[in-house]
Structure formats: structure tokens, C-alpha cells
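Student: I am new to this structure and would like a close look at a single part of it. Could you choose one residue, describe its surroundings with care, and then place it in the wider picture?

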Amino acid sequence: MAENKKVIEVKHVYKTYFMDGGTSQEVLKDINFTITSGEFVAIMGPSGSGKSTMMNILGCLDKPTSGKYILDGYNIDDKDDNELAKIRGKTIGFVFQNFNLMMKRTIADNVSLPLIYQNIGEKERYKRAVEMLKKVGLNGYQNRVPSQISGGMQQRVAIARALINNPAIIFADEPTGNLDSKTSDEIMDLFTELNQQGITIVLVTHEDDVADFATRMIKISDGHKVYDGLRKAYSKEKEIKC
């Protein structure tokens with residue numbers, strides 16, 4: 001069987017924020033890992049650990065202070081903002097905790113938004129949005145506005161928007177943070193289904209029950225990577241220590 005392709009390579013990444021007065025804060029310290037296509041990875045850590053900064057770098061929203069980040073074969077360090085925007089549009093789908101929907105636009109408009117930047121016509125955008133809404137279980141909702149549906153449905157709209165460009169990777173930042181436990185499980189079941197279809201999923205979470213849906217966990221504490229391995233193995237290790 002052929003080895004899965006490396007889609008993310010993080011090599012000796014440091015991230016330091018420089019502040020007024022000459023002070024600095026080192027948020028990430030010598031982070032190294034590789035993610036291959038088709039993996040489902042949870043990045044975990046307490047508040048202030050550096051996991052959100054790591055996600056911003058992975059999603060090409062920020063760059064490391066030093067080290068190397070390679071995304072789907074692209075050396076991100078060498079790219080300017082326009083090139084990064086093109087790479088994001090081609091390779092990545094984002095799902096956020098707060099959904100980030102346009103509340104006065106229809107659900108179809110929200111889902112099809114990324115297609116505008118590809119100069120795709122309105123009729124084709126609408127057609128693709130309807131097809132994607134069917135995929136996430138929202139058939140028939142395309143002409144409603146977000147305020148007419150539940151929070152769980154709004155997150156499904158956000159997932160449909162993330163999928164509209166057929167990305168190789170979905171980055172999800174606390175995607176269930178504003179949802180009740182039942183709806184959270186439904187959203188994570190959807191991520192699992194998408195992963196089984198071959199999409200690489202990388203999510204940031206501080207919730208153990210959400211991370212349990214992933215097969216692999218990368219744990220960050222005080223800017224250091226302190227664990228990288230099977231999620232189930234880590235859970236058993238914790239039980240033994242308790």
C-alpha cells in the first residue's frame with residue numbers, strides 16, 4: 001500500500017510576539033510534527049498553551065518567527081499575502097467556533113461565498129451551494145437566513161462553506177464551543193464522515209469528548225509539544241496514572 005502524502009510539515013517552529021518597550025513573549029517553542037492525508041488530528045492544550053497560535057500558522061493566517069512550515073508542498077515562509085490567499089482558497093477549508101456567517105444573506109449566499117473569488121457565475125454558485133447543503137443534511141434550507149435556523153444548523157452551513165472549494169484539509173477551531181452536547185456530537189459525527197471520505201481534519205479543542213472523535217492527538221503546553229500519538233493511547237495513559 002502506498003504511503004499517504006504529507007500535507008503538513010512543521011519543522012522547528014518558534015513563534016515570538018514582540019511588544020512595545022522591547023519585551024517579547026515566546027508562544028511556540030521548537031514545534032515539530034507531520035500530518036499525512038486522511039488523518040483526523042486534534043490539537044489540544046489549556047488556555048494560553050499556544051494551540052490557537054499553532055492553528056493560525058497552520059491555516060496560513062500567521063507565519064512562524066523561525067522554523068519551516070510546508071503545506072501541501074508549498075513552503076509558506078516564501079509566500080507573500082496574495083500567494084497565501086490563493087493557497088488557502090485552493091487547499092484549506094475553515095470552520096470557526098462562532099460560525100462567522102453573514103446574518104442578512106441567505107444560507108446559499110453564505111455557502112457559496114468562496115466561489116465569488118473564483119469568478120464563478122451566480123447560477124453556478126447557487127447550484128453548488130444547494131448540492132453542498134444536501135451533503136451536510138440541510139436540503140431545502142438554501143433560501144433561509146441564518147437567524148431562522150438553530151446553532152447546530154448554522155455550524156453545518158459553515159462546514160458546507162468550508163467544503164465548497166473541495167479542500168484537501170479542513171481546519172476547525174473549537175467548532176463545537178457554542179453548541180450543546182447533543183448537537184456537538186452530531187457535528188463531530190459529520191466531521192468523522194467527511195474524514196472517512198478522505199478529507200484531512202485538523203481541529204483545535206480543549207474538550208476531551210470532542211478530541212475523542214480524532215484518531216491522533218497533538219498536545220501543547222506552555223508552547224511545547226508534550227504529546228503526539230494515538231488519542232486512545234493517551235486516554236489509557238491518563239487512566240493508569242489516575
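Tutor: Let us start with glutamine 154 in this predicted model, which touches Phe99, Leu101, Met103, Pro146 and Ile149 once residues up to four places away in sequence are left out of the count. Glutamine 154 belongs to helix 5, the run of residues 151-163. Its relative accessibility is 12%, and because buried means under 20%, glutamine 154 counts as buried.

The helix around this residue deserves a look of its own. Helix 5 is made of 13 residues and spans 19 Å from its first C-alpha to its last, which is close to the 18 Å expected at 1.5 Å a residue. The helix is mostly covered, since 11 of its 13 residues are buried. Besides Gln154, the buried residues of helix 5 include Gly152, Gln155, Arg156, Val157, Ala158 and Ile159, and the list goes on with Ala160, Arg161, Ala162 and Leu163. An α-helix has 3.6 residues a turn, so residues that are three or four places apart point the same way. As for what covers this helix, its buried residues pack against two strands, strand 6 (92-96) and strand 7 (169-173), and against helix 3 (107-116), helix 4 (122-135) and helix 6 (181-196).

Helix 5 also has a part in the largest pocket, whose volume is about 560 Å³. This pocket is lined by 18 residues, and those that lie nearest its centre are Arg88, Gly89, Phe94, Pro114 and Asn165. The elements that give two or more residues to this lining are helix 2 (81-91), strand 6, helix 3 and helix 5. Sorted by class, the lining of the largest pocket holds 10 nonpolar, 5 polar and 3 charged residues.

Two of the helices that pack against helix 5, namely helix 3 and helix 4, lead us on to the second largest pocket, where they are the elements that give two or more residues to the lining. The second largest pocket has a volume of about 150 Å³, and among the residues of its lining are Met102, Arg105, Asp109, Ser112, Glu122, Arg125 and Tyr126. Helix 3 supplies the largest share of that lining, with 5 residues. By class, the lining of the second largest pocket divides into 5 nonpolar, 1 polar and 4 charged residues.

For a contrast with glutamine 154, consider asparagine 82, which is found in helix 2. At 60% relative accessibility, asparagine 82 counts as exposed, whereas glutamine 154 counts as buried at 12%. Asparagine 82 is also 58 residues away from serine 24 in sequence, and the two are 28 Å apart in space, C-alpha to C-alpha.

Finally, we can step back to the whole protein chain, which has 8 helices and 10 strands. Its radius of gyration is 18 Å, close to the 18 Å that the globule rule gives for 242 residues, so the chain is as compact as a globular protein of that length. Along the principal axes, its C-alpha atoms fill a box of roughly 50 × 50 × 45 Å. Of the 242 residues of the chain, 47% count as buried, and glutamine 154, where we began, is one of the residues that count as buried. Among the contacts in the chain with a separation of 6 or more, 68% are accounted for by residues 24 or more positions apart.

Notes:
Residues numbered from 1 in each chain as written. Predicted model: local features only at pLDDT ≥ 70, side-chain atom pairs only at ≥ 80, totals over all residues. Heavy atoms only, no water. Helix = DSSP H or I, 4+ residues; strand = E, 2+ residues; numbered from the N terminus. Buried < 20%, exposed > 50% of the residue type's maximum accessible area, 1.4 Å probe, protein only. Contact = heavy atoms within 4.5 Å. Expected span 1.5 Å × (residues − 1). 1 Å grid on protein atoms, 1.4 Å probe; cavity = no way out; pocket = protein on both sides within 12 Å on 5 of 7 lines; lining within 4 Å. Points joined across faces, edges and corners; volume = space filled by probe spheres on them. Nonpolar A, V, L, I, M, F, W, Y, C, P; charged D, E, K, R; others polar. Rg over C-alpha atoms; globule rule 2.2 N^0.38 Å.
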